[in-house]
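Here is a short briefing to read alongside the sequence and the model. Take a look at the fold first, then follow the topics below.

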Amino acid sequence: GPDGVQDDLVGMLLAARDEDGSGMADRQIRDEIMTILLAGHETTALALFYSLHLISRHPEVEQRLLEECSGILEGRVPGPTDLDRLPFTRAIIQESMRLYPPVPGIGRAIKETRQFGDFEVRKGTQIFVMQYLVHRDQRYFHDPDEFRPERWLDGLERQLPRCSYFPFSDGPRICIGAHFAMLEMLT
């Protein structure tokens, strides 16, 4: 990679720097790698399972997927640089994670007491944000219960309000392996 930095996970973690210029301790690097390798495999496998299940029930999607892959890949196995070159393949994965998020709900502790309409949520309260429900909200998705990968092809993700689609969570606790998971599912 550029400037002698390895173009792999370990190299990127070794090269990462905080605002003060310090790097990660060896233990933190090990912990990050273990999180990506162990926590990421089950969720990635589940996302692939749902993607394949949905493809098997929609032959027109399968046909379009095969056409895209054969046209771009020309018989070779996809690699990291192909993610952006296979927009329909990516759209299938996005749509699958919208309908069946590998983690259907995320728990969080409220940092400050907040008022939501007539309901007060006190500091320290544990809440769950249910991706499964948000991803099927008609305010954000036309025909929300339908499998329609093409909905992602015209930049839908950039047009959606924040946290209306969040298969990898969001904010300071966003999944560190989100990009890696997408690459892993593609390849």
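**A phenylalanine at the surface, and what surrounds it**

Phe180 is partly exposed, because its relative accessible area of 35% falls between the 20% and 50% cut-offs. This is a predicted model, and Phe180 makes a handy starting point: the residue lies in helix H7, which spans residues 178-186. From there we can visit a nonpolar patch, a helix crossing and some salt bridges.

**Nonpolar surface patch**

- Phe180 joins Met34, Leu37 and Leu38 in a nonpolar surface patch of about 350 Å².
- Which helix gives the most to the nonpolar patch? That is helix H2 (residues 26-57), with 3 residues.

**The buried side of the story in H7**

- Ala178, Ala181, Met182, Leu183, Met185 and Leu186 are buried in H7, whereas Phe180 is partly exposed at 35%.
- The cover over the buried residues of H7 includes H2 and H4.

**How H2 and H4 cross**

- Helix H4 covers residues 87-99, and its axis comes within 9 Å of the axis of H2, with a crossing angle of roughly 105°.
- H2 and H4 are therefore roughly perpendicular to each other, since angles of 65 to 115 degrees count that way.
- On the H2 side, the residues that meet H4 are Ala47, Tyr50, Ser51, Leu54 and Ile55.
- Their counterparts in H4 are Ile92, Ile93, Ser96, Met97 and Leu99.

**Salt bridges**

- Across the whole structure, a search finds 12 salt bridges.
- Arg139 pairs with Asp137 in a salt bridge whose closest N and O atoms are 2.5 Å apart. Arg139 is exposed at 66% relative accessible area, while Asp137 is buried at 18%.
- Salt bridges with shared partners also link Arg27, Arg30 and Asp31 into one network.
- Within that network, Asp31 and Arg30 form a salt bridge, with 2.7 Å between the closest N and O atoms. Both are partly exposed: Asp31 has 32% relative accessibility, and Arg30 has a relative accessible area of 41%.
- Is Asp82, the salt-bridge partner of Arg76, buried or exposed? Asp82 counts as buried, because its relative accessibility is 0%, whereas Arg76 is partly exposed at 40%. The closest N and O atoms of this pair are 2.8 Å apart.

Notes: Residues are numbered from 1 along each chain as its sequence is written. This is a predicted model: local features need pLDDT of at least 70, side-chain atom pairs count only at pLDDT 80 or more; totals for chains, interfaces and linings use all residues. Side-chain values use heavy atoms; hydrogens and water are left out. Patches are made of residues with over 30% relative accessible area and no salt bridge: like charges are joined within 9 Å, nonpolar side chains (Val, Leu, Ile, Met, Phe, Trp, Tyr) within 5 Å. Accessible areas come from the Shrake-Rupley method with a 1.4 Å probe; for residues, only the protein chains shown count as cover. A salt bridge is a side-chain nitrogen of Lys or Arg within 4 Å of a carboxyl oxygen of Asp or Glu. Helices (H or I, at least four residues) and strands (E, at least two) are DSSP runs, numbered from the N terminus. Buried means under 20% relative accessible area, exposed over 50%, partly exposed in between (1.4 Å probe, protein chains only). Axes are lines fitted to C-alpha atoms, for helices over the stretch in contact, and angles run from 0 to 180 degrees between N-to-C directions. Angles under 35 degrees count as roughly parallel, over 145 as roughly antiparallel, 65 to 115 as roughly perpendicular and the rest as oblique. Contact means heavy atoms within 4.5 Å.
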